[in-house]
Amino acid sequence: VLLAACAAGDASLPGALQPPSENVWKVEQKPDQITGLPAATAWIRTLSTSNSKTWENRPAVLQLMCFKGNPIVRLNFATRAGSNRNSTVGYRFDEKPGREVSATFMPDFRTVIIDEKPEVEQFLNELAESNRLLVRVTSLYAGRTTAQFVLTGAPDAIEAAYAPCRAKADKLRQRTSTAAP
């Protein structure tokens, strides 16, 4: 049994593999019950996580969605990851150089939002062409939190998640073009 545990590896290490069931994007598409406009989200969960304040691997979720007609990237951790005042967020796709990104922490201290248009566009361009994503949050408050995602099927997830953003933009363009004299 001990040999099997050693062979399986430690899921908290960046090079560790996730179970196959964790590597699947979930896509939810349904119309908004209020506006009738299309609403969608795509998300993937990982157990390849670590936090400097705990020994346990807890799930993290990467979610792609529209908010108010704009694409956003949402990361949700099972433990507190940081706050707006004393945290940094960085990521790296595959073996490409990593970068730090401007992000907002929600009041639960577990949810991180990337919503600035240039940041989202760069993230999605790299996401579409990559196999793995490593995210790191460093916080004076919550320590260091990492999550690694296997990205198989990301281009389809991106397309499905952000179709409602395009639909809303098209509808707004139609309204403004028909309202013009």
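This is a short tour of a predicted model, going from a sheet to the helix packed on it and then to one arginine.

**The sheet.** Start by selecting the six strands of the open sheet, whose order is S1-S2-S4-S5-S9-S8 with antiparallel pairing. At the edges are strand S1 (26–31) and strand S8 (104–105), each of which pairs on one side only.

**S4 and S5.** Next select residues 60–67, strand S4, together with residues 70–77, strand S5. The two run antiparallel and are joined by eight bridges. To see how they line up, pick Ala60, which stands opposite Phe77 in S5.

**Helix H2.** Keep the sheet displayed and add H2, which packs on it and touches S4, S5 and strand S9 (111–114). The direction of H2 makes about 75° with that of S5. Select residues 117–128 to show the helix alone: its 12 residues reach 16 Å from the first C-alpha to the last, close to the 16 Å expected.

Which residues of H2 are buried? Colour Glu119, Val120, Phe123, Leu124, Glu126 and Leu127. They lie on the same side of H2 because they cover an arc of only 165° around the axis. Turn to the other side of H2 to find Lys117, Pro118 and Asn125, which are exposed.

**Arg136.** Finally, select Arg136 in strand S10 (residues 132–139). Its side chain makes two polar contacts to show as dashed lines: one with the side chain of Thr88 at 3.4 Å, and one with the side chain of Glu100 at 3.2 Å. Leaving aside residues up to four places away in sequence, Arg136 also touches others, including Val89, Gly90, Arg144, Thr145 and Thr146.

Terms used: Residues numbered from 1 in each chain as written. Predicted model: local features only at pLDDT ≥ 70, side-chain atom pairs only at ≥ 80, totals over all residues. Heavy atoms only, no water. Helix = DSSP H or I, 4+ residues; strand = E, 2+ residues; numbered from the N terminus. Expected span 1.5 Å × (residues − 1). Buried < 20%, exposed > 50% of the residue type's maximum accessible area, 1.4 Å probe, protein only. Arc of directions from axis to C-beta. Polar contact = N/O pair within 3.5 Å; in protein donor to acceptor, adjacent residues only side chain to side chain. Contact = heavy atoms within 4.5 Å. Pairing = 2+ DSSP bridges. Axes fitted to C-alpha atoms, helices over the stretch in contact; angles between N-to-C directions.
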